[in-house]
Number of protein chains: 2
Amino acid sequence: MSLAAMQVLVRRNEAGIAAAGEALSARFGARVARTAAIREQHGHTTSWLPNQAPDIVVFAESTEEVAEIVRICAEHRVPVIPFGTGSSLEGHVNAPGGGVSVDVSRMNKVLAVHAEDLDCVVQPGVTRSQLNAFLRDSGLFFPIDPGADASLGGMASTRASGTNAVRYGTMKDVVLGLTVVTAEGKIIHTGGRARKSSAGYDLTRLFVGSEGTLGIITELTLRLFGQPEAISGGVCPFPDVASACNAVIMTIQSGIPVARIELLDTLQVRACNAYSGLGLAETPTLFLEFHGTPNGVKEQAELFEAIAGECGGGAFRWSSQAEERTKLWTARHNAYFAGIGLRPGCKAVTTDVCVPISRLAECVAATADDIAASGLIAPIVGHVGDGNFHVMVLVDVTDAAEVAAAEAFVERLNWRAIEMEGTCTGEHGVGQGKMKYLKREHGEALDVMRTLKQALDPLNIMNPGKIVVI
Amino acid sequence: MSLAAMQVLVRRNEAGIAAAGEALSARFGARVARTAAIREQHGHTTSWLPNQAPDIVVFAESTEEVAEIVRICAEHRVPVIPFGTGSSLEGHVNAPGGGVSVDVSRMNKVLAVHAEDLDCVVQPGVTRSQLNAFLRDSGLFFPIDPGADASLGGMASTRASGTNAVRYGTMKDVVLGLTVVTAEGKIIHTGGRARKSSAGYDLTRLFVGSEGTLGIITELTLRLFGQPEAISGGVCPFPDVASACNAVIMTIQSGIPVARIELLDTLQVRACNAYSGLGLAETPTLFLEFHGTPNGVKEQAELFEAIAGECGGGAFRWSSQAEERTKLWTARHNAYFAGIGLRPGCKAVTTDVCVPISRLAECVAATADDIAASGLIAPIVGHVGDGNFHVMVLVDVTDAAEVAAAEAFVERLNWRAIEMEGTCTGEHGVGQGKMKYLKREHGEALDVMRTLKQALDPLNIMNPGKIVVI
């Protein structure tokens with residue numbers, strides 16, 4: 001199977017695209033772009049999947065404008081693909097049937113911060129870093145932190161998470177409400193600002209993770225958290241990935257409310273040393289962070305140290321200095337670029353899976369063996385407190401045999417995770433790249449997903465060719 | 001508007017009910033019940049809404065049996081209403097068009113406890129107390145605790161929560177996966193045992209809170225939590241509800257990870273004193289509980305004491321003695337029965353709303369004024385850490401003017417909460433009693449809910465006449 005074969009065919013509606021293009025140009029003028037460079041940049045660029053550019057890019061500036069665009073596309077039966085920063089990894093913003101990319105990056109205002117309720121209202125183009133910069137002096141922060149500085153609309157759409165998820169949850173846990181433009185171009189509001197509700201179907205969580213296939217998110221109400229009184233953290237080396245995973249398992253089972261617990265395998269540590277100048281011993285390493293009161297973080301760190309010792313870990317080098325911590329976590333967030341630096345000129349085939357934590361050590365060890373046996377260069381890094389890990393296979397895409405080996409490895413990894421009662425994606429989403437795993441993971445529930453797609457997008461114009469095919 | 005007017009008419013299909021009844025008797029024999037007493041017990045009994053008994057009750061013993069029952073009902077276009085313990089409060093198990101009550105109370109096995117993954121798999125008839133009794137020696141517990149000892153299937157169906165929600169979340173946060181019988185009688189599995197997933201639409205959270213209107217839950221995978229190393233708690237009196245609410249708001253905003261923070265107004269304290277012999281001063285009172293390490297709970301309690309003092313609260317009487325705490329929380333859980341004891345022979349009109357916490361003091365104070373002005377007897381009690389509170393209006397149902405006053409008060413309370421960016425129900429669910437508020441709360445999003453109902457239950461046989469009408 002070639003990379004392109006993972007992309008479902010969506011028939012092009014040439015006449016519709018032409019007519020919608022005219023209507024959009026008439027309405028939005030210079031905010032409609034058709035140059036090859038802009039089109040290609042709005043197809044998939046951070047993915048290993050072939051780029052499928054949209055025909056038209058429209059830079060929307062309000063919910064009402066997004067609704068207008070969708071109504072025009074619905075009238076002409078043309079695909080609509082929402083675009084934030086384009087940092088998703090599984091082909092989410094590709095346009096297999098062409099159509100219109102709705103770029104919401106100019107919808108980048110923080111509309112309200114309700115400090116007293118620990119929530120805020122943002123437009124979908126605000127990135128996680130922008131939001132946290134905005135919040136800097138408020139004593140609050142937004143914890144969800146995927147590797148990229150993604151847009152919050154995109155993060156909600158892919159049900160993103162990151163290093164803090166083990167303590168603060170994923171986007172499904174922090175999105176309180178949404179404004180959504182439906183496939184008919186109507187504007188609806190889901191959820192709200194109450195901390196909980198039992199008032200009907202949970203539309204908020206239906207749209208979170210739906211990757212633009214059921215509607216376009218144009219506003220988000222998000223939970224915020226108080227900046228912890230004290231933060232401490234550090235690194236702990238282990239002789240092998242299995243013992244590091246065992247330390248993670250025991251830490252979680254002990255109920256230590258760890259805020260971050262991340263695994264980097266030997267190759268990834270080497271990459272981060274080279275890219276970010278960390279100077280760590282090149283062995284599997286856990287990066288940790290604890291949030292709480294001064295006494296609380298001390299207690300947590302001591303409990304972890306004891307566990308790490310039992311599991312064969314080396315000395316836990318810890319720090320409560322903000323600068324040192326920032327260096328560590330910046331390096332962790334740059335793991336993707338560090339990995340790419342291991343083999344310049346290669347493409348990164350990035351994949352993520354998630355298993356019950358009891359199976360983590362087994363799954364990571366089997367995957368490490370598989371990498372070795374396949375002769376691939378593929379660092380492992382992961383949010384192991386959730387049982388979630390990533391493998392980045394560095395592939396010379398001009399070498400057909402290597403591409404085939406990488407693809408076969410990724411497939412085996414996904415089947416392995418599903419067989420261990422896990423999932424084919426913990427946080428990257430389905431897009432195009434993971435569609436083929438859904439039948440085995442969900443069985444007949446996939447038919448229910450298809451029924452929902454059919455009901456909410458009967459014309460199949462909302463990001464078609466992703467998640468499920470109708 | 002009379003109580004009965006809140007019940008949507010569902011046309012009876014007499015021929016279908018007769019035919020389904022024959023098929024069910026042939027298949028399930030003595031496990032099919034038709035006596036008036038059993039039928040009435042399976043209509044609504046804990047609600048103030050008129051009882052609408054089903055025609056037939058079937059005691060199911062497995063997922064496959066539930067699927068068979070649903071297939072028979074689908075064939076004959078007969079309503080199917082799932083029944084756990086019947087403790088819901090808004091008419092959820094009433095049968096406005098007659099039909100078949102599927103009693104799952106015999107499906108009461110804990111199927112698996114995965115201590116290492118902090119999860120378990122249960123049948124829907126297991127109650128929250130049964131599960132915690134089962135877990136007693138495991139070091140784990142299940143935190144969601146509505147007032148009643150409800151079934152876990154019912155709790156998932158109504159998106160229940162309780163006193164621990166401020167720390168541990170609601171059913172939407174702790175249900176990892178479900179087995180569901182669809183309206184066609186197919187068996188599907190949603191979610192799974194991985195701690196997180198981005199693999200497609202969030203069917204788990206679509207079925208959680210859908211009150212049996214989209215499918216019947218027949219198995220649940222639930223998150224568990226480690227029993228905290230240390231627990232402390234106690235009571236704190238306040239001069240009025242507004243100052244108590246202000247202390248709650250400051251506690252939440254300060255990021256104190258309080259496990260429980262509950263308000264009882266003066267009347268409710270009086271009721272609990274009488275029913276449970278608490279001997280508390282009869283003034284608005286907060287009940288609190290802190291979970292953590294020994295140092296952690298001490299720190300939390302001290303921080304709270306300082307806040308309570310600033311807000312005009314009296315001495316915080318705290319205890320780390322298990323017996324004293326149990327007495328307190330048992331009294332809190334019995335608040336419903338204590339309230340009824342205030343006016344023997346009356347019916348309790350119980351309603352719940354939830355508002356952003358910044359509006360809590362204002363909403364509770366306005367509601368207390370409204371109760372006084374209406375001349376009603378109506379204690380207030382609530383999970384105020386979430387902005388959620390309950391009012392129980394004690395009504396002499398033979399007095400038409402009093403019934404009318406109670407209904408008008410409940411309506412005003414719900415509109416007030418919605419106008420304060422809140423919700424008409426924080427945890428009881430919609431059932432029949434809250435349907436009329438949904439249009440104002442959800443606007444056009446209600447049409448999307450209707451579209452989902454139509455798509456997943458085109459014959460309208462799954463608990464018809466609840467949440468949305470198609």
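Right after helix 3 of chain A comes R77(A), a residue with a positive phi, near 55°. Keep in mind as you look at it that this is a predicted model. The helix that R77(A) follows covers residues 63–76 of chain A, 14 residues in total. From its first C-alpha to its last, helix 3 reaches 20 Å, close to the 20 Å expected at 1.5 Å a residue. Several of its residues are buried, among them V66(A), I69(A), V70(A) and I72(A). The buried set also includes T63(A) and E65(A).

Now let's turn to where the two chains meet. The contact draws 73 residues from chain A and 73 residues from chain B. Together the chains bury about 5900 Å², with 58% of that on carbon and sulfur atoms. On the chain A side, the residues that lose the most area to chain B are K196(A), S198(A) and Y201(A), which together make up 17% of what that side buries.

K196(A) is worth a second look, since its side chain also meets that of E427(B) in a salt bridge, at 3.1 Å from N to O. Across the interface of chain A and chain B there are eight salt bridges, and 42 residue pairs are in polar contact, both residues being at pLDDT 80 or more.

Which parts of chain A supply the side that touches chain B? Elements giving at least two residues each include strand 9 (187–191), helix 9 (241–253) and helix 11 (294–310). Helix 17 of chain A provides the largest share, nine residues. Sorted by class, this side of chain A has 27 nonpolar, 26 polar and 20 charged residues.

How values were computed
Residues numbered from 1 in each chain as written. Chains lettered and ligands numbered in written order. Predicted model: local features only at pLDDT ≥ 70, side-chain atom pairs only at ≥ 80, totals over all residues. Heavy atoms only, no water. Contact = heavy atoms within 4.5 Å. Buried area = accessible area lost by both parts, 1.4 Å probe. Salt bridge = Lys/Arg side-chain N within 4 Å of Asp/Glu carboxyl O. Polar contact = N/O pair within 3.5 Å; in protein donor to acceptor, adjacent residues only side chain to side chain. Helix = DSSP H or I, 4+ residues; strand = E, 2+ residues; numbered from the N terminus. Nonpolar A, V, L, I, M, F, W, Y, C, P; charged D, E, K, R; others polar. Expected span 1.5 Å × (residues − 1). Buried < 20%, exposed > 50% of the residue type's maximum accessible area, 1.4 Å probe, protein only.
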